[in-house]
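I opened the model to look up a few strands and the contact between two chains. My notes follow in the order in which I checked things.

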Amino acid sequence: MKIWVPSDAAARACGADALVPAILAEAARRGIAVEIARNGSRGMVWLEPLVEIETPAGRIGFGPMTLADVPGLFEAPEAHPKAQGLVEEIAFFKRQTRLTFARCGRIDPLDLAAYEAEGGLAGLRAALALQPEAVVDVVAASGLRGRGGAGFPTGIKWRTVLHAKAARKYIVCNADEGDSGSFADRMLMEGDPFCLIEGMAIAGLATGAVQGYVYIRSEYPDAIAAMRAAVERARAAGMLGESVLGSGRAFDMEIREGAGAYVCGEETSLLNSLEGKRGVVRAKPPLPALEGFLGRPTVVNNVLSLAAVPWILANGPEAYHAIGINRSRGTIPLQIAGNVRFGGLFETGFGITLGEIVEEIGGGTASGRPVKAVQVGGPLGAYHPRGDYDLPFCYESFAEQKGLVGHAGLVVHDEGADMLGLARFAMEFCAVESCGKCTPCRIGAVRGVETLDRVRAGDAAAIPLLEDLCHTMKLGSLCALGGFTPYPVLSALAHFPEEFTPVREAAE
Amino acid sequence: MTPEPQLAQILQAHAGREGALLPILHDVQAAFGYVPEEVYAPIGAALKLSRAEVAGVVGFYHDFRAAPAGRHVIKLCRAEACQAMGGAATQSALEAALGQKLGETKNGVTLEAVYCLGLCACAPAALVNGAPRGRLDAAAAQALAGEVRA
C-alpha cells in the first residue's frame, strides 16, 4: 500500500508531518505494509493535508486530514468522512490547464527519474538540439511574458542577452516572491524543483550564460532546502555542470538566500543584493539584460517564467500560444487566497473572469459573508469591487481598470474589511520596505500614512492631498514599490469612497 | 565573545565567491545567533570593503540581528491575506498569551512580524522556529504560547 503525504510548506503548516508517524503506527498495528512517499502540493490548500492512497484506478484523496482521521484510512475508503474520491477528478483540479504545474503534487519532488518519466527533461533535450537563436525564437513565438508582474516579453529579454557581447553572462531567477497572496513560486520550488532547474538551463543555453543564481527569500526555508537538494542531485546526474546531459555545453547554478527585504523582488535591487550590497534600486537604463549582475549581461526572470519554458520547448510554441487571450498568452497559475472557501493554486489559460475565479472556483468567502473587495497582484495591486467581476484575467484588462495582474495572487476580503485601514497599510508597508533611493517613495509613503490618518480623523481636505501625493508617487518613483503603492490606495478610495468621508456625529 | 576562529572559517568557505557578503552574513548569524559589530571590520578586510559598507549592508536587511534572538522565534505574518482571515485577532491573542508585543524578546521567546510566508491560502500563518503553521486562530495562538513556554 503506497500512501502520499505532501511535504509542501502549506501542508506542513496544516499538520502533514505529524500524519506520517501516525499512519505508520496504525499500519503496523494492523499488520499492513505501508510505503509513505512525500509529494508536493496539488494546490488545493483547503484540503491540506491531502493524503493520497494509490489504487489501480488512480490516487484517491483524503483531506483535510487530522490525526483522528488516520485509522479510517485502513477501513472502507469511500466511507471515510474526509474522502474526496479520485484526486484528479476533483472539480477544482480537473478544470485546470496544468502545464507549469503538471507534475506538482504527482511526484516526489527530488526524484529525478520520476521527473523524467512524467515529461521532464524533454524541453532541455529539445533545446540542446537547437542553436541558441532558435531557442530564443521558440520562446518569443510562444508569447510568454514575464510572470513576475511586469509582463515583459521573455523572448525579447533573452534575445538582448544573447546578442550582448561579454565574456560571462548570467541567468538570475527572481524567487523573492514577497507579494501577499502569492505562493506559486514557493509551491513550484518545493513541489517540482527540477522544472525550474530545467528552465534555467534552457535559458543558459539560449543566451550563452553558463552560471545561474536563484535568489529565494529567507521567509521560504522549505523552498530553499528543496532547491539546494535538487541542484545537488541535478549536478550529480549530469543535468548541470560542465556538460549538460552530455552535450559538452556548460551550465551550473547556485541557490542564494535573501535577507528579508521586500524591495529585493525588484530586479535591480535583487541584483545589488546578490552582489552583496544594500538592496537599493538601480536606475534603468542600463537594462539588466546588458549590465546586470556584476555589470554583465543578465537574464532576470521570475520562477514561473522560467518554469514555463520546458513545456514550451517540449510541446512547441504554437501549443502554448493557442491558450489565452489578447497579448496574454499561455497559462497563469492563479493563487486564490485570503478570506476564501477554496483557496489554493489554480493554473488556467488567461481570459477567465475575476468573478469566475472568486465565486465559482474560490467558492466565495470562507466566512460566508459577501465578498467586499479582491486585491489582485499583491500589496501593490488594486482592490477590485464585485463590480469588476466581469474583467477577464489578462494583463490588458487589468491595466485598463487601473489595476495589475502582478504575480497573479488574489486576496479576497469579506464585508468586514476596513478599506481605509487597508489603504493605510499599503502606505505603511511601502514606508517600511522602501529602499530609500528615491524621494517619492521614501518620503511619500510616510506622508501617505499621515494623510490617511488625517482622513480617518475626519479631515476632508486631506483627500485631494492624498490623490496628489499618489500622483507624484506613481510618476516620480524609480520602481514599482513607490510607483504602484498608489494602486491599492486609489482603488480603495475610488470604489469605497464612503469609508473615506468624515464620520458625522450621530446626533446631528 | 571573540568571533575570530569561527569567522575565519566562514570567510575561508566563501573565498572567491561572487557576491559573497550575504552568504557570509547568513553564516555569521547562524554561528553566533546575531551579527556582532566585531565582524564588520574583518569581513570588510576579506572582501575589500570598508567597515561602513559592511555595516550599511547589515543594517539594510530585516533578517540580520544586532542582538541574539530568544530560544524560540515566532514570526507571525501580518500581510493582507492573513489580515483578511482575522490576523489581527490572532496577533492580539498571541500577544496576550505570551505577555509580549510583536517585536519584543521576553522569557526566551522572540515574537516578530513577517510580511508573507506564502501560506496565504491557510491564513493566518506563522513560522515557529522555522516550521510553518497555518489556520491560526485564538485557540491555536494559546496552544502555541504554551508550547514555546514549556
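Entry 1, strand 16. I looked at both faces of strand 16 of chain A in this predicted model. On one side A:Gly409, A:Val411 and A:His413 are buried, and on the other A:Leu410, A:Val412 and A:Asp414 are buried too. I counted six of six residues of strand 16 of chain A as buried. I noted as background that side chains in a regular strand alternate between the two faces of the sheet.

Entry 2, partners of strand 16. Which strands pair with strand 16 of chain A, and in which sense? I found strand 12 of chain A running parallel to strand 16 of chain A, joined by four bridges. In that region A:Gly338 stands opposite A:Val412. Strand 14 of chain A, residues 371-376, pairs with strand 16 of chain A in the antiparallel sense, over five bridges. Here I noted A:Gln375 opposite A:Val411.

Entry 3, the contact between the chains. I looked up how many residues each chain gives: 50 come from chain A and 36 from chain B. Strand 12 (331-338) and strand 16 (409-414) of chain A are among the elements that give two or more residues to the side touching chain B. I also listed helix 1 (9-13), strand 8 (252-257) and helix 11 (267-274) of chain A there. By class, I have 22 nonpolar, 17 polar and 11 charged residues on the side of chain A that touches chain B.

Entry 4, the sheet with strand 8. I then followed strand 8 of chain A into an open sheet of four strands, with the order 8-7-6-9 and parallel pairing. Strand 8 and strand 9 (298-302) of chain A are the edge strands, each pairing on one side only. I read an average turn of 20° between neighbouring strands of this sheet, direction ignored. Strand 7 of chain A, residues 211-216, pairs with strand 8 of chain A in the parallel sense over six bridges. A:Tyr213 stands opposite A:Glu254 in strand 8 of chain A.

Entry 5, helices on that sheet. I found helix 9 of chain A (residues 193-207) packed on the sheet, touching strand 6 (170-175), strand 7, strand 8 and strand 9 of chain A. Its direction makes about 150° with that of strand 6 of chain A. Helix 10 of chain A (residues 221-236) lies across strand 7 and strand 8 of chain A, and runs at about 160° to strand 8 of chain A.

Entry 6, confidence. I noted ipTM 0.97 and pTM 0.97 for the model. Chain B has a mean pLDDT of 95, with 98% of its residues at 70 or more.

Terms used. Residues are numbered from 1 along each chain as its sequence is written. Chains are lettered from A and ligands numbered from 1 in the order in which they are written. This is a predicted model: local features need pLDDT of at least 70, side-chain atom pairs count only at pLDDT 80 or more; totals for chains, interfaces and linings use all residues. Two residues are in contact if their C-beta atoms, placed from the backbone, lie within 7 Å. Ala, Val, Leu, Ile, Met, Phe, Trp, Tyr, Cys and Pro count as nonpolar, Asp, Glu, Lys and Arg as charged, and the others, Gly among them, as polar. pLDDT is the predictor's confidence in each residue, from 0 to 100. Two strands pair if DSSP finds at least two bridges between them. Axes are lines fitted to C-alpha atoms, for helices over the stretch in contact, and angles run from 0 to 180 degrees between N-to-C directions. A residue is buried if 20 or more other C-beta atoms lie within 10 Å of its own, exposed if 12 or fewer, and partly exposed in between; C-beta atoms are placed from the backbone.
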